[in-house]
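Thanks, everyone. Let me put the model up, and then we can walk through it.

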Amino acid sequence: MTHTKLVFLRHGRTEWNELGKLQGQADVELDEVGERQAGEAAQFFADWDFEACYTSDLKRALRTAHMVAEPHRLDVVPDARLREINVGSWSGMTTAEVIRVFPGFIDFYTHGVDFQRSATGETLAEMTARALESVREIAERHKGQQVLIVTHGLLLSKVVSAFMGIDDILSIPGNITYSLVIGGEKPRLATYNTPARQLP
């Protein structure tokens, strides 16, 4: 029996990544490094057999997806449910700036407390529920196939955990790293936070 393979790829770097700013759903584009990273990922995945490509509709993920999918001649399917968590009014702030307005931020974050990101943001549970719905639909639609899903760091860590039915023990992956989940009655995590580039 051929199992479904879901390849989750985090987008390339943005200027806000480099500056340590919370992006959330701000539509920040890849910076020069991010463009180069996406190009490296396209080369890395050139020989992989992808049947479909889905992505967050935010520019940083969408651009990464198009670059990686192009050699495979795949249509890129945007899905707003794959967007990063909505941090509301914290968007564009650094961690230090968030702590000034919400002193418990780091403690809550590191202990997995499900809190709302500013008065206009969403919780981890809300983000995970919408994204997990999308991922389950993709897995059902592409049974026995290998699918590329381009998305965001925090979302990726939570959704991979939830899809596999495991406790939230996964770290936030770096830019242009991938994680492979092999489906079946009990999904298996084949690799996590692995660089999508040829190492020297």
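This is a predicted model. Let's start with the rings. The count comes to 16 aromatic pairs. Take Phe45 and Tyr178. Their ring centres are 5.4 Å apart and the planes sit at 75 degrees, so this pair is edge-to-face. Where are the two partners? Phe45 lies in the loop between helix 2 (32-44) and strand 2 (52-55), while Tyr178 lies in strand 5 (residues 177-182). The pair therefore ties together parts that are 133 residues apart in sequence. Both Phe45 and Tyr178 are buried.

Next pair: Phe102 and Phe108. This one is edge-to-face too, with 5.7 Å centre to centre and 80 degrees between the planes. Are these residues buried or partly exposed? Phe102 is partly exposed, at 24% relative accessible area. Phe108 is partly exposed as well, at 29%. The cut-off for buried is under 20%, so neither value passes.

Phe102 and Phe108 belong to one aromatic cluster, together with Trp90, Phe105, Tyr109 and Phe115. A charged residue joins the picture here. Arg117 lies over the face of Phe115, 4.0 Å from the ring centre.

Now the cores. The largest nonpolar core has 32 residues. Which of them touch the most other members? Leu6, Phe8 and Trp90 do. Two or more residues come from each of strand 1, strand 2, helix 6, strand 4 and helix 7. Phe8 shows how the parts meet. Leaving aside neighbours within four places in sequence, Phe8 is in contact with Val135, Ile149, Leu156, Val160, Thr177, Tyr178, Ser179 and Val181. Tyr178 is the residue we just saw paired with Phe45. Apart from this core lies another, of 20 residues, and among them are Leu9, Ala65, Leu74 and Leu180.

On to the helices. Helix 7 covers residues 153-164. Is the length right for a helix, or wrong? At 1.5 Å a residue, its 12 residues should span 16 Å, and the end C-alpha atoms are 17 Å apart, which agrees. Helix 7 is mostly covered, with 11 of its 12 residues buried. The buried ones include Leu154, Leu155, Leu156, Val159, Val160, Phe163 and Met164. Polar residues are on that list too, including Ser157, Lys158 and Ser161. What do the buried residues pack against? Strand 1 (5-10), helix 5 (105-110), helix 6 (124-141), strand 4, strand 5 and strand 6 (188-195). After helix 7 comes Gly165, with a positive phi near 70 degrees.

Helix 6 gets the same check. Its 18 residues should span 26 Å at 1.5 Å a residue; the end C-alpha atoms are 26 Å apart, which agrees. Its buried residues are Leu124, Met127, Thr128, Arg130, Ala131, Leu132, Ser134, Val135, Ile138 and Ala139. An α-helix has 3.6 residues a turn, so residues three or four places apart point the same way. What covers the buried residues of helix 6 includes strand 1, strand 2, strand 4 and helix 7.

Last stop: Thr151, in strand 4 (residues 146-151). Thr151 counts as buried because its relative accessibility is 1%. What does its side chain reach? The backbone oxygen of Leu82, at 2.8 Å. Beyond four places in sequence, Thr151 touches Leu9, Arg10, His11, Leu82 and Leu156. Leu156 is one of the buried residues of helix 7, and Leu156 also touches Phe8. Leu9 is in the core of 20 residues.

Notes:
Residues numbered from 1 in each chain as written. Heavy atoms only, no water. Helix = DSSP H or I, 4+ residues; strand = E, 2+ residues; numbered from the N terminus. Buried < 20%, exposed > 50% of the residue type's maximum accessible area, 1.4 Å probe, protein only. Polar contact = N/O pair within 3.5 Å; in protein donor to acceptor, adjacent residues only side chain to side chain. Contact = heavy atoms within 4.5 Å. Phe/Tyr/Trp six-rings, centres within 6.5 Å; stacked < 30°, edge-to-face > 60°. Lys NZ or Arg CZ within 6 Å of the ring centre and 35° of its normal. Expected span 1.5 Å × (residues − 1). Core = buried A, V, L, I, M, F, W, Y, C linked by side-chain atoms within 4.5 Å.
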